[in-house]
Amino acid sequence: MPHPAVRGFMASRRWVPLSLAATLLLAVAGAFLFGVNDNVEALAAQLTLDHVTCFQFAPERLKHADAATAAHDWAERQGWAIEIPSSSPTSDLELLGVRRCTMSSGRVAHVMYKWHGQPFSVFVVPRVVREVGNQQEFVEKFGHEAIVWSAGDRTYVVLARARPAELTPVMGYVRAHTH
């Protein structure tokens with residue numbers, strides 16, 4: 001008979017596929033429900049679910065803590081360049097790394113951070129979803145705040161569990177390093 005800690009680990013591993021399946025189902029439902037009404041709403045819903053899923057399963061596999069190396073590796077592997085803000089002790093922002101995520105309309109760069117010790121994401125979509133320009137659009141989805149803006153031919157989405165006013169300082173830092 002396995003040790004109680006091993007039994008607990010094995011039982012929790014059985015829930016991983018169910019949790020992932022539920023997350024994917026919510027992503028599809030969110031894309032369907034919001035996709036007909038507003039591209040920004042749909043994007044925020046999809047990326048919020050991806051943010052939650054990636055932080056649940058992937059952070060320990062990330063290997064980039066250096067922004068320049070992560071951006072270089074991304075461009076080589078994916079064929080399009082991104083700017084990645086480095087860690088900022090002043091903003092209490094720690095870069096974990098970047099990974100490729102897929103949404104209904106293609107692939108996106110998911111730059112993962114810890115901000116005040118909590119999950120914080122910057123998504124880069126290689127096209128303009130809707131012309132929001134330099135203005136930020138705030139969308140609340142599933143208890144997370146999504147802040148969306150476009151610059152050049154990219155759409156950026158910052159996701160965190162915080163109020164817009166709390167995000168203002170770190171948003172200034174991120175925007176200054178992603179144009």
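Reader: Why is Arg-163 called exposed?

Author: In this predicted model, Arg-163 has a relative accessible area of 57%, and because exposed means over 50%, Arg-163 is counted as exposed.

Reader: What makes the contact between Glu-166 and Arg-163 a salt bridge?

Author: The closest N and O atoms of Glu-166 and Arg-163 are 3.3 Å apart, and since a salt bridge asks for a side-chain nitrogen of Lys or Arg within 4 Å of a carboxyl oxygen of Asp or Glu, the pair qualifies as a salt bridge.

Reader: How do you know whether Glu-166 is buried, exposed or partly exposed?

Author: Its relative accessible area is 36%, and because partly exposed lies between under 20% for buried and over 50% for exposed, Glu-166 is called partly exposed.

Reader: Why is the pair Asp-153 and Arg-154 described as a salt bridge?

Author: The side chains of Asp-153 and Arg-154 meet with an N to O distance of 3.4 Å, and the cut-off is within 4 Å, so this pair is a salt bridge too; by this rule the count comes to two salt bridges.

Reader: What makes Arg-154 count as buried, and Asp-153 as partly exposed?

Author: Arg-154 has 14% relative accessibility, and therefore counts as buried, for which the limit is under 20%, whereas Asp-153 has 48% and therefore counts as partly exposed.

Reader: How do you know what span is expected for helix H4?

Author: Helix H4, residues 164-176, has 13 residues, and the expected span is 1.5 Å times one less than that number, which gives 18 Å, close to the 17 Å that H4 reaches from its first C-alpha to its last.

Methods
Residues numbered from 1 in each chain as written. Predicted model: local features only at pLDDT ≥ 70, side-chain atom pairs only at ≥ 80, totals over all residues. Heavy atoms only, no water. Buried < 20%, exposed > 50% of the residue type's maximum accessible area, 1.4 Å probe, protein only. Helix = DSSP H or I, 4+ residues; strand = E, 2+ residues; numbered from the N terminus.
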